[in-house]
Amino acid sequence: MKATLAQFRSFDRPIRLLQINQAGINIGFYVLMPYLAQHLSAGAGLAAWTIGLILGLRNASQQGMFLIGGTLADRLGHKPMIMAGCALRTVGFALFGLTTSVPLLVAAAVITGLAGALFNPAARAYLAAAAGPRKVAAFAVFNVFYQGGILLGPLLGVLLLAGGFTAVCLGAAGIFAVLTVLQGFYLPSRPREPGQVRQPVLRAWRRAFGDRAFVSFAASMIASYALSYQMYLALPLAVQRAGGGQWAVTALYAVSALLGIAGQVRLTTWCGERWSRGQAITRGLALMGAAFVPMVVATQLHLPPAATIAAALVCALLLGAGTLVAFPFEMATIADMAGEELVGTYYGLYNLASGAGILAGNLLSGALLDVAADAGWAGLPWLSLTFAGLASALAVARLERRQALRPRLPAALAA
């Protein structure tokens with residue numbers, strides 16, 4: 001942790017505030033979200049399809065609006081969008097705790113998702129702009145705070161549950177309210193660079209969608225988000241089917257989060273000293289694909305339940321390590337490919353693509369888990385995930401060889 005603290009202190013106040021802000025965002029989110037489905041079922045008495053609708057609308061409103069949120073950040077400024085997103089999430093989370101009306105719960109879900117679409121691209125664009133040439137190091141520390149929020153949020157949620165679900169919702173809403181106020185007072189507005197011109201929205205979108213190198217990179221990375229999301233789908237299901245209780249599922253998240261907190265900064269420094277950005281991303285993706293090999297072996301050979309749970313923990317560890325390797329270089333590459341004017345738009349489009357990857361990955365892996373088990377090929381879903389990770393790594397390696405991941409020149413120099 002000494003290396004992380006030293007790196008954190010080396011940044012200017014706006015960057016440090018954004019990193020703390022991300023910890024607060026994740027704490028507030030994970031205080032509530034792990035317990036929402038149970039409340040909607042037992043507390044609000046909703047049918048399973050209604051719960052699925054509400055949760056699905058939250059995710060769809062966030063993923064579907066990322067491009068809009070990123071574009072607004074480029075046009076209106078990063079700080080206003082970060083504040084607006086946190087303020088909206090305050091309202092959405094409070095609403096979850098104050099009503100059991102389905103229309104109002106749907107409104108809460110949509111508001112909560114829209115909030116994420118506003119502050120996520122804006123925060124990353126602000127961080128990239130403020131960090132300048134130190135983008136990789138800034139995103140490494142950012143991920144430490146991100147993982148810390150994931151680890152602390154559910155623990156705080158358990159404590160608040162003693163006061164009832166309304167206390168959980170109001171506690172989460174309070175965190176976002178505090179973040180909104182702190183940003184208003186302490187986060188400076190970023191002035192536009194001299195000569196930087198706001199592009200019309202359609203022209204900005206045409207540039208982003210027409211940037212073949214960037215679109216190829218985003219498409220190559222889609223699989224990585226499908227793989228990462230298996231921490232919330234396939235791996236918990238495998239652990240539960242092997243007889244592991246909630247403690248075993250919690251251990252999956254704890255292993256990944258603790259690895260990120262303890263190892264992100266040192267690992268990023270080590271990789272940066274040896275590899276280019278494209279090489280680091282490629283190796284991270286390959287490791288994410290290889291992470292599922294223990295599950296291929298455990299399920300296909302029908303190993304005892306304890307061995308399957310152990311394989312899932314090893315998978316979570318390797319999957320987390322691959323993400324740590326790739327993430328800071330990935331975020332810095334997006335910002336540099338965007339140039340100075342459209343960083344928010346590029347992050348928004350990238351998040352839109354990753355959301356599509358998560359949806360497709362969940363549908364395919366979920367279907368394969370059921371079909372493969374019935375057909376006697378229990379290792380097939382995990383083998384498919386391995387191949388997806390390796391194919392993604394090969395695609396990024398090809399872009400790296402073609403030098404397609406280079407930073408975009410400022411408009412004045414390009415002319």
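**Exercises on a predicted model**

The buried residues of helix α10 are F214, F217, A218, S220, M221, A223, S224, Y225, A226 and L227. The model is predicted, and the exercises below refer to it.

**Exercise 1.** Determine whether the span of helix α10 agrees with its number of residues, and state where the helix is kinked.

*Solution.* Helix α10 covers residues 212-228, which is 17 residues. The expected span is 1.5 Å times one less than the number of residues. For α10 this gives 24 Å. The end C-alpha atoms of α10 are 25 Å apart, so the two values agree. The kink in α10 is about 30° and is centred on M221. M221 is also one of the buried residues of this helix.

**Exercise 2.** Classify F185, T282 and S10 as buried, partly exposed or exposed.

*Solution.* Buried means under 20% relative accessible area, exposed means over 50%, and partly exposed lies in between.

- F185, in helix α8 (residues 165-186), has 65% relative accessibility and is therefore exposed.
- T282, in helix α13 (residues 277-290), has a relative accessible area of 15%, so T282 is buried.
- S10, in the loop between α1 (2-9) and α2 (13-43), has 37% relative accessibility and is therefore partly exposed.

**Exercise 3.** Describe the surroundings of these three residues.

*Solution.* F185 joins V178, V181, L182 and Y186 in a nonpolar surface patch of about 500 Å². T282 touches A393, V396 and A397, leaving aside residues up to four places away in sequence. For S10, the C-alpha atom is separated by 9.8 Å from that of A138, although the two residues are 128 residues apart along the chain.

Technical notes: Residues are numbered from 1 along each chain as its sequence is written. This is a predicted model: local features need pLDDT of at least 70, side-chain atom pairs count only at pLDDT 80 or more; totals for chains, interfaces and linings use all residues. Side-chain values use heavy atoms; hydrogens and water are left out. Patches are made of residues with over 30% relative accessible area and no salt bridge: like charges are joined within 9 Å, nonpolar side chains (Val, Leu, Ile, Met, Phe, Trp, Tyr) within 5 Å. Accessible areas come from the Shrake-Rupley method with a 1.4 Å probe; for residues, only the protein chains shown count as cover. A salt bridge is a side-chain nitrogen of Lys or Arg within 4 Å of a carboxyl oxygen of Asp or Glu. Helices (H or I, at least four residues) and strands (E, at least two) are DSSP runs, numbered from the N terminus. Buried means under 20% relative accessible area, exposed over 50%, partly exposed in between (1.4 Å probe, protein chains only). The bend at a residue is the angle between axes fitted to the seven residues ending there and the seven starting there. Contact means heavy atoms within 4.5 Å.
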